[in-house]
Amino acid sequence: MHTFTEDSMHGSIFIFLKRFVESSSGYSAWINLLESAGLPHRASAPYRMDEVYPIGELFALISAAARAEGTPEADFQERFGRFLVPDLLLVFKRFIDPSWRTLQMLLHVGSHMHGGIRRENGKTNPPPLHVTSVGRNVLVIDYHSRRRMAGFAVGIIKGLASYFDEGDRVSVVPATALNAERVQLKVTFE
């Protein structure tokens, strides 16, 4: 359960979450999720791509969705992260070099993707990701965020690998619990 709620999240994440829930469970599942998360007003005042919203609303939605599925929140976050990769790459393609693959995407996520998002909307606050190359085929990613959403990061990494047809060559191993404020992820490219 999250207790940190003073932050905000880009509207795109809420819209992608809605698509994820509807794609797996149908349109009415989103309306039911809004109700169970205590956000029924969002049915008539939907999330928008060009806005930011309280992070507490995202936590409530993820928590309610995981409860409804009977799955841990980190597992739900990972599946959601995997799902949204194609949409993220489309929406934020202006920050991406088309020649990049999974390794290059991860090396540049902080400076290009998160940096670009911050420059476009000063209200956004993507978590800092410190990526260190350890040898030729290993990255260590330090995820430090009071949001405690490292499961989401794992899903995005795995989703990127699948998107670039590298899923069988990329492994992601967390060195710490995924619901911690600081999580270290070891990403190995075979």
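A crossing of two helices is left-handed if the near helix is turned anticlockwise from the far one by less than a right angle, and right-handed if clockwise. By that rule, α4 passes α6 in a right-handed crossing. The crossing of α1 and α3 is left-handed.

This is a predicted model, in which local features need pLDDT of at least 70, side-chain atom pairs count only at pLDDT 80 or more, and totals for chains, interfaces and linings use all residues. Residues are numbered from 1 along each chain as its sequence is written, and side-chain values use heavy atoms, with hydrogens and water left out.

**Overall layout**

The protein has six helices and six strands. Helices (H or I, at least four residues) and strands (E, at least two) are DSSP runs, numbered from the N terminus. In order from that terminus, the elements read β-α-α-β-α-α-α-β-β-α-β-β. Of the 190 residues, 48% count as buried. Buried means under 20% relative accessible area, exposed over 50%, and partly exposed in between (1.4 Å probe, protein chains only). Contact means heavy atoms within 4.5 Å. Among contacts between residues at least 6 apart in sequence, 62% join residues at least 24 apart.

**Three helices and their lengths**

The expected span of a helix is 1.5 Å times one less than its number of residues. The table sets that value beside the distance between the end C-alpha atoms.

| Helix | Residues | Expected span | End C-alpha distance |
|---|---|---|---|
| α3 (residues 55-69) | 15 residues | 21 Å | 21 Å |
| α4 (residues 73-91) | 19 residues | 27 Å | 25 Å |
| α6 (residues 150-163) | 14 residues | 20 Å | 20 Å |

**Helix α4 and its partner α6**

Helix α4 bends by about 45 degrees at valine 85. A proline, proline 86, follows within four residues. The bend at a residue is the angle between axes fitted to the seven residues ending there and the seven starting there. Valine 85 is itself buried. Other buried residues of α4 include Phe76, Phe80, Leu84, Leu88 and Leu89. Charged side chains are also on the buried list, among them Glu73, Glu78 and Asp87.

The axes of α4 and α6 come within 6 Å and cross at roughly 45 degrees. Axes are lines fitted to C-alpha atoms, for helices over the stretch in contact, and angles run from 0 to 180 degrees between N-to-C directions. Angles under 35 degrees count as roughly parallel, over 145 as roughly antiparallel, 65 to 115 as roughly perpendicular and the rest as oblique. The two helices are therefore oblique to each other.

Which residues make this contact? On the α4 side they include Phe80, Gly81, Leu84, Val85, Pro86 and Leu88. On the α6 side they include Phe152, Gly155, Ile156, Gly159, Leu160 and Tyr163.

In α6, 10 of the 14 residues are buried, so this helix is largely enclosed by the rest of the structure. Gly151, Gly155 and Gly159 are among the buried residues of α6. Phe152, Val154, Ile157 and Leu160 are buried too.

**Helix α3 and its surroundings**

The buried residues of α3 include Ile55, Leu58, Phe59, Leu61 and Ile62. Ala64, Ala65 and Ala66 are also buried. What covers the buried residues of α3 includes β1 (8-10), α1 (11-25), α2 (27-36), β2 (52-54) and α4.

Helices α1 and α3 pack at an angle of about 15 degrees, with their axes 11 Å apart. That makes α1 roughly parallel to α3. Here Ile13, Phe14 and Leu17 in α1 meet Glu57, Leu58 and Leu61 in α3. Just after α3, glycine 70 takes a positive phi of about 70 degrees.

**Loop residues**

Most residues other than glycine have a negative phi, and most peptide bonds are trans. Aspartate 165 has a positive phi of about 55 degrees, just after α6. Aspartate 165 sits in the loop between α6 and β5 (170-174). Is aspartate 165 buried or exposed? At 68% relative accessibility, aspartate 165 counts as exposed.

Glutamate 166 lies in that loop as well. Glutamate 166 is buried, with a relative accessible area of 10%. Leaving aside neighbours within four places in sequence, glutamate 166 is in contact with Arg101, Thr102 and Ala161.

Isoleucine 96 lies in the loop between α4 and α5 (102-120). Its relative accessible area is 18%, so isoleucine 96 is buried. Isoleucine 96 and valine 109 are 13 residues apart in sequence and 8.9 Å apart in space, C-alpha to C-alpha.
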